[in-house]
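Please open the structure in a viewer and keep the selection tool at hand. The stops below are best taken in order.

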Amino acid sequence: PDQWTKNLVLFAGLVFAGGLGTQTLVLHAAAGFLAFCALSGATYIFNDLTDVRRDREHPVKKLRTLASGELPMGVAVVTAVVLAAGALVWSYSLHWNFGLVATGYLALNVLYSLALRKMVVLDVMAIAVGFVLRAVGSVEVLRGPAPGN
């Protein structure tokens, strides 16, 4: 949750489109921001799940919620799945293109947790692409609701 500020990029499209005075656009941007907060929350939980064994052996990281056992792993898994699935469904309902961007963001972060963070150059590139996807999402979410909504 303390990483939510990264998702403020979801308001960039609104600012650059001059839509700050348009309630509908502000609400779309806010919805996109909340969807990405849920997605990033899910990916942080997933990342912590992949690290839990190593964290338990670390003198400081062993005090983290998952590593210490304060939060059961099953609860963390269910929370991550519910957050990710809910955020993706919501993202596609906001606009099809926004849903595709959100899916790409989620896939990138899963790959990051599983492999990319272990490769120095790809680690940095994946983080940068995450911000690019947020910026692209900030434009796509302003397109309005998906057809039929």
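Select Trp4 to begin. In this predicted model, Trp4 has a relative accessibility of 42% and therefore counts as partly exposed, since that class lies between the limits of 20% for buried and 50% for exposed.

Next, add Phe33 to the selection. Phe33 has a relative accessibility of 13%, so this residue counts as buried. Under the rule applied here, the count of aromatic pairs comes to five. Trp4 and Phe33 make an edge-to-face pair, because their ring centres are 6.2 Å apart and their planes stand at 90 degrees. This pair joins distant parts of the chain: Trp4 belongs to the segment before helix H1 (12-16), whereas Phe33 sits in helix H2 (residues 23-57), 29 residues apart. Now include Phe11 as well: Trp4, Phe11 and Phe33 form one aromatic cluster.

Move to Leu10, which also lies in the segment before H1. Is Leu10 buried or exposed? Its relative accessible area is 0%, so Leu10 is buried. To display its surroundings, select the residues that Leu10 touches, leaving aside those up to four places away in sequence: Ala29, Gly32, Phe33, Phe36, Phe98, Arg134, Gly137 and Ser138. Phe33, from the aromatic cluster, thus reappears among the contacts of Leu10. For a distance across the model, choose the C-alpha atoms of Leu10 and Val82; they are separated by 22 Å, and the two residues are 72 residues apart along the chain.

The following stop concerns two helices. Select helix H4 (residues 73-94) together with helix H5 (residues 96-114); their axes come within 5 Å and cross at roughly 150 degrees. An angle over 145 degrees counts as roughly antiparallel, which is why H4 is described in that way relative to H5. The crossing of H4 past H5 is right-handed. To view the contact itself, show Ala84, Leu88, Ser91, Tyr92 and Leu94 on the H4 side, and Trp96, Phe98, Gly99, Leu100, Ala102, Thr103 and Leu106 on the H5 side. Classified by residue type, this contact of H4 with H5 contains nine nonpolar residues, three polar ones and no charged ones. Phe98, one of the H5 residues in this contact, is also touched by Leu10.

Finally, select Tyr92 and Trp96, which face each other across the helix contact. Tyr92 has a relative accessibility of 24% and so counts as partly exposed, while Trp96, with a relative accessible area of 52%, is exposed. The two rings form a tilted aromatic pair, with 4.9 Å from centre to centre and 55 degrees between the planes.

Notes
Residues are numbered from 1 along each chain as its sequence is written. This is a predicted model: local features need pLDDT of at least 70, side-chain atom pairs count only at pLDDT 80 or more; totals for chains, interfaces and linings use all residues. Side-chain values use heavy atoms; hydrogens and water are left out. Axes are lines fitted to C-alpha atoms, for helices over the stretch in contact, and angles run from 0 to 180 degrees between N-to-C directions. Helices (H or I, at least four residues) and strands (E, at least two) are DSSP runs, numbered from the N terminus. Angles under 35 degrees count as roughly parallel, over 145 as roughly antiparallel, 65 to 115 as roughly perpendicular and the rest as oblique. A crossing is left-handed if the near helix is turned anticlockwise from the far one by less than a right angle, and right-handed if clockwise. Contact means heavy atoms within 4.5 Å. Ala, Val, Leu, Ile, Met, Phe, Trp, Tyr, Cys and Pro count as nonpolar, Asp, Glu, Lys and Arg as charged, and the others, Gly among them, as polar. Rings of Phe, Tyr and Trp (its six-membered ring) pair if their centres lie within 6.5 Å; planes under 30 degrees apart count as stacked, over 60 as edge-to-face and the rest as tilted. Buried means under 20% relative accessible area, exposed over 50%, partly exposed in between (1.4 Å probe, protein chains only).
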